[in-house]
Amino acid sequence: MPRPRQALLSRQRIVEAAAALIDAEGLEAFSTRRLAAELGVRGPSLYNHFATKDEILDAVADSITAQVDVSFFGRVDWREALRRWGHSYRAALAAHPNIVPYLARGPGRRPAALAMADAVYGGLVDAGWPPARATHIGALMRYFVAGSALGSFARGFVEDPGLYAEQYPHLTQAHRLAEHQQQVDEGAFALGLDALIDGLSRTYERQVGPLPPLPPPAEAY
């Protein structure tokens, strides 16, 4: 029996192709017709695996969320768990910024997104946070991480020193920001996350009770 001329479709192949297409062309340009063309099949073939375009987008979004590490909750102090989760969460979203607006709508019925929410909420409640406050922390982390992954602060400044020299005296080095994009953007996120956790620590001590000192970073793993 001759082998088929093209690889058979699978859910994984469709999701991978859709993710690559969204990364390259953006969420607004994504369509099932465009995806089918990229896969070399007819559009109806996709519906053997996904009923709608939104189901494909859900699967793409969930495949990205599945890359986020939530194993820290229940294993290390909640402050350190929140910090490590925040960095892992941002890394996953920053690698696929075009899908972030879709992810930001919430977990819906997506298994990996719900598992992440469950792990974070459960870890915070087990650490002593009141359930309402644990919900608030999960929400504010999503706002903070999603916002940081949507774009680059450093890339927002043009590399033209003349633009700033006369009219914006405090921005005379702004033309160099794009050159140091990773350092600026990652440094800003790390600073903001540390400040957020410091503030939450003070709130915890006011509302719940004293916190023990954190172990040195090398001992926290």
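Below is a short chat about the predicted model shown above.

Biologist: How many helices and strands does the chain have?

Modeller: The model is a predicted one. The chain has 11 helices and zero strands. Along the sequence, the pattern reads α-α-α-α-α-α-α-α-α-α-α.

Biologist: Is the chain spread out or compact?

Modeller: It is more spread out than a compact globule, because its radius of gyration is 22 Å and the globule rule gives 17 Å for 221 residues. The C-alpha atoms fill a box of roughly 70 × 55 × 30 Å along the principal axes.

Biologist: What percentage of the residues is buried?

Modeller: Buried residues make up 37% of the 221. As for the outside, the chain exposes about 13,100 Å², and carbon and sulfur atoms supply 54% of that area.

Biologist: And the contacts, how many join residues at least 24 apart?

Modeller: That is 68%, counted among contacts between residues at least 6 apart in sequence.

Biologist: New topic. Where does UniProt place the "DNA-binding region"?

Modeller: The UniProt record, an unreviewed entry, puts that feature at residues 31-50. In the model, this span is 60% helix and 0% strand. Its end C-alpha atoms lie 13 Å apart.

Biologist: Which salt bridges does Arg-34 form, starting with Glu-25?

Modeller: With Glu-25, the closest N and O atoms are 2.8 Å apart. Arg-34 also meets Glu-38 in a salt bridge, at 3.0 Å from N to O.

Biologist: Where do Arg-34 and Glu-38 sit in the helix?

Modeller: Both are in helix α2, which covers residues 32-39. They are four residues apart, so about one helical turn separates them.

Biologist: Why do such side chains pair at all?

Modeller: Side chains of opposite charge can pair when their charged atoms come close.

Biologist: How exposed are these residues, Arg-34 for one?

Modeller: Arg-34 is partly exposed, at 29% relative accessibility. Glu-25 is partly exposed too, with a relative accessible area of 39%. For Glu-38 the value is 47%, so this residue also counts as partly exposed, since exposed means over 50%.

Biologist: How many salt bridges are there in the whole structure?

Modeller: A search of the whole structure finds seven. One of them joins Glu-80 and Arg-84, with the closest N and O atoms 3.0 Å apart.

Biologist: What separates Glu-80 and Arg-84 along the helix?

Modeller: About one helical turn, because they are four residues apart in helix α5, residues 78-94.

Biologist: Is Glu-80 buried or exposed?

Modeller: Glu-80 counts as buried, at 14% relative accessibility. Arg-84 is buried as well, with a relative accessible area of 7%. The cut-off for buried is under 20%.

Biologist: Which residues are linked in a network with that pair?

Modeller: Glu-80 and Arg-84 belong to a network of salt bridges that also includes Arg-83 and Asp-194.

Biologist: Last topic, the surface. Which residues form a nonpolar patch?

Modeller: The patch is made of Val-158, Leu-163, Tyr-168 and Leu-171. Together they have about 320 Å² of accessible area.

Biologist: Where does Val-158 lie?

Modeller: Val-158 is in the loop between α8 (131-150) and α9 (161-165). Its relative accessible area is 43%, which makes Val-158 partly exposed.

Key
Residues are numbered from 1 along each chain as its sequence is written. This is a predicted model: local features need pLDDT of at least 70, side-chain atom pairs count only at pLDDT 80 or more; totals for chains, interfaces and linings use all residues. Side-chain values use heavy atoms; hydrogens and water are left out. UniProt positions are given in the numbering used here, feature names are shortened, and annotations may be inferred rather than shown by experiment. Helices (H or I, at least four residues) and strands (E, at least two) are DSSP runs, numbered from the N terminus. Patches are made of residues with over 30% relative accessible area and no salt bridge: like charges are joined within 9 Å, nonpolar side chains (Val, Leu, Ile, Met, Phe, Trp, Tyr) within 5 Å. Accessible areas come from the Shrake-Rupley method with a 1.4 Å probe; for residues, only the protein chains shown count as cover. A salt bridge is a side-chain nitrogen of Lys or Arg within 4 Å of a carboxyl oxygen of Asp or Glu. Buried means under 20% relative accessible area, exposed over 50%, partly exposed in between (1.4 Å probe, protein chains only). The radius of gyration is taken over C-alpha atoms; the globule rule is 2.2 Å times the number of residues to the power 0.38. Contact means heavy atoms within 4.5 Å.
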